[in-house]
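Let's take a walk through this one together. Have the sequence and the model open side by side, and we'll go from single residues to the RNA.

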Amino acid sequence: MSLRLTNTLTRAKAEFVPLQAGKVSIYCCGVTVYDLCHLGHARSYIVWDVLRRYLIWLGYAVTFVQNYTDIDDKILARAAAEGSSMQAVSERNIEAFVADMAALNILPADKMPRATRSLDAIRALIGELEARGAAYSVDGDVYFAVLKHQGYGKLSGRDLAEQQDNAAGRVASSEEARKQHPFDFALWKAAKAGEPSFPSPWGPGRPGWHIECSAMVREELGASIDIHLGGADLIFPHHDNEIAQSEAATGQQLARFWLHNGMVNVGGQKMSKSLGNFTTIRALLASGVSPMTLRLFVLQAHYRKPLDFTAEALEAAATGWRGLNAALAVGRIYQGLLGWSESTAGDLAALPDELQASKERFSAAMDDDLNTAAALGELFELARPLRALANRLQRHDIPGLADLSLGGRWRLLLELAGVLGLESEQPRLPTLPGSSGNPATSAGSFPSLSETESPLGISAQGCDGEAIQALIERRKAAKAARDFATADGIRDQLRAQGIELIDRPGAITDWIQR
RNA sequence: GGCGGCAUGGCCAAGUGGUAAGGCAGAGGAUUGCAAAUCCUUUACCCCCAGUUCGAAUCUGGGUGCCGCCUCCA
């Protein structure tokens, strides 16, 4: 088995072979930091995070570089609107980006260059292009001459001659007059009055959008890299321009593999700022959607296809994640009872045939152009017996020998889920009226099972377990009196607060936080 | 107009020549005072037409519908 990826450059799946054995260099187009990230960004960076995790799992040493575009018209506009500076807007949104990515369990890039800190490399690259005759300057602007570059548009499949007519009229006429060809694009823009600018051989100004990526790739990873990532909306013109700039300067192929993710749609239309149909990552998380639910939602579709964002689909992902989470968490919650730990529960080097086959199906799915939907199917299959075990333990059934032998399955599930960046989440803390608990003390500990506390151990974790227990006692009394209306009322009341009561034999009632 | 992509059960979504994964929702059963959870069982002539083939959701041709890019965009 070997990893095969769809390469936009050839529009075909091809076996992935890195330039240097055992090493993979990846450049991922980052965000323009003029605003918060939305679900479209989340999808893109989740799937590329999975690509990266899978390559690491396969044993590659991966170097992952992702840029911040912190010079841009929109950032300037935002700064002007709020009376601050380009730098202030950028810093704020970079901070938000880092927090959002961390919340989604996306591994931070190895290097995160910024346009404002890469100006030397940018100016040097523009200078080279000019010297080679691939670029020309007009009144402080510098443009790339697309006609001078053999094969311009090869990524998007655009033909300059055919495209010329369509492009005419789409560009501001004043700018068009200065260009030799309508598709020529700015490498350097002369400063306008009142805007921040940087010195250059062509006069004060700032870099065009595309050039920063070419410069950063070369500076951080070299002339030729293994994989270049981005959203499908970047194919043209951004990536075509990037290829033209880099290859005109170095004479080498910029990237061997170009991977592009599909868009997130809302009501069949692309989520975008201009349509106003976007949901920011933090708004979604603040609404109670868990990060892992979002990952599951994204990974249940193939990365190249459009993904429709609906409340229903998200709800389905949330329910699905709850089941998967139960299986992932069982070994940790009942560690004392089962004697499992992540390092000792079963030998992953000598898996029984059934689990070995499962692992191979997972790999085969991932090898096939990151078929995460199929890989997830395998995870759910692995999880089923573990969910059943979790349920029995929740009801205080004593685990038998067959249950204990599920340790290897649990560890395998943990490992494969980890490749997708799915990790079991601790139950969220209940918030009860009058609760004065201190959530800060609750992290990380899962008490072992006992007769006097909830099996999930939440009663000891900073919420008002006594209040809940008192209600449970009242309900128990009501049930004994066959006053089910009162009993159900208490259960409904707690449910509204996110507490689920579970009756089990012996007139014992457990509760867990949803 | 040019380039590219997609159409699979109520919803989401895998599946690229051999009689349709998985998730959600639904139905029946076990369990339950009722729930919740769990377990078992169960729900598809794969947009249309024609063709290739012993055999097609999967290949070819033609339709129809939808989406993305061609301006900033993950």
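Is Pro-182 buried or exposed? Keep in mind that what you're looking at is a predicted model. Pro-182 turns out to be buried, because its relative accessible area is 14%, and the cut-off for buried is under 20%. You'll find Pro-182 in the loop between helix H6 (173-178) and strand S7 (185-190). Now look across to Val-146: the two are 36 residues apart in sequence, yet their C-alpha atoms are 9.0 Å apart in space.

Thr-293 is another one to look up, this time inside helix H10 (residues 291-299). With a relative accessible area of 4%, Thr-293 is buried too. The side chain of Thr-293 has a partner there: a polar contact of 3.0 Å links it to the side chain of Ser-290.

On to the strands. Strand S10 (residues 255-261) has six of its seven residues buried, so the rest of the structure largely encloses it. Strand S9 (residues 225-231) runs parallel to S10, and six bridges join the two. If you want a landmark for the register, Gly-230 sits opposite His-260 in S10.

There's also an open sheet of three strands, ordered S12-S11-S13, with mixed pairing. Its edges are strand S12 (269-270) and strand S13 (307-308), each of which pairs on one side only. Strand S11 (residues 264-266) pairs with S12 in the antiparallel sense over two bridges, and Val-266 faces Gln-269 in S12.

Next, some backbone oddities. As background, most residues other than glycine have a negative phi, and most peptide bonds are trans. Against that, Phe-236 and Pro-237 are joined by a cis peptide bond, with omega about 0°; Pro-237 belongs to helix H8 (residues 235-250). Then there's Arg-11, a non-glycine residue with a positive phi near 55°. Arg-11 sits in the loop between strand S1 (4-7) and strand S2 (12-15), and at 53% relative accessibility it counts as exposed. Arg-482 also has a positive phi, about 55°, without being a glycine. Look for Arg-482 in the loop between helix H17 (465-480) and helix H18 (484-496), where it is exposed with a relative accessible area of 63%.

Now for the RNA. There are 62 residues around RNA strand B, and the ones that come nearest are Trp-209, Gly-231, Leu-234, Asn-391 and Arg-491. Of the strand's atoms within 4 Å of the protein, 69% belong to sugar and phosphate. By class, the surface near the strand has 17 nonpolar, 23 polar and 22 charged residues. Zoom in on some individual pairs: a polar side-chain atom of His-41 is 3.1 Å from a phosphate oxygen of RNA strand B, and one of Arg-495 is 3.3 Å from a sugar or linking oxygen. A base gets a partner as well, with a polar backbone atom of Ala-373 lying 3.4 Å from a base nitrogen.

Which helix gives the most to the surface near RNA strand B? That's H14 (residues 372-394), with nine residues. Its 23 residues should span 33 Å at 1.5 Å a residue, and the end C-alpha atoms are 31 Å apart, which agrees. Still, H14 has a kink of about 35° at Arg-384, shortly before Pro-385. Its buried residues include Leu-376, Leu-379, Leu-382, Leu-386 and Leu-389.

Note on methods:
Residues are numbered from 1 along each chain as its sequence is written. Chains are lettered from A and ligands numbered from 1 in the order in which they are written. This is a predicted model: local features need pLDDT of at least 70, side-chain atom pairs count only at pLDDT 80 or more; totals for chains, interfaces and linings use all residues. Side-chain values use heavy atoms; hydrogens and water are left out. A residue is near a molecule or strand if one of its heavy atoms lies within 4 Å of it. A polar contact is a pair of N or O atoms within 3.5 Å; within protein, one must be able to donate a hydrogen and the other to accept it, and residues adjacent in sequence count only if both atoms are side-chain atoms. Helices (H or I, at least four residues) and strands (E, at least two) are DSSP runs, numbered from the N terminus. Ala, Val, Leu, Ile, Met, Phe, Trp, Tyr, Cys and Pro count as nonpolar, Asp, Glu, Lys and Arg as charged, and the others, Gly among them, as polar. The expected span of a helix is 1.5 Å times one less than its number of residues. The bend at a residue is the angle between axes fitted to the seven residues ending there and the seven starting there. Buried means under 20% relative accessible area, exposed over 50%, partly exposed in between (1.4 Å probe, protein chains only). Two strands pair if DSSP finds at least two bridges between them.
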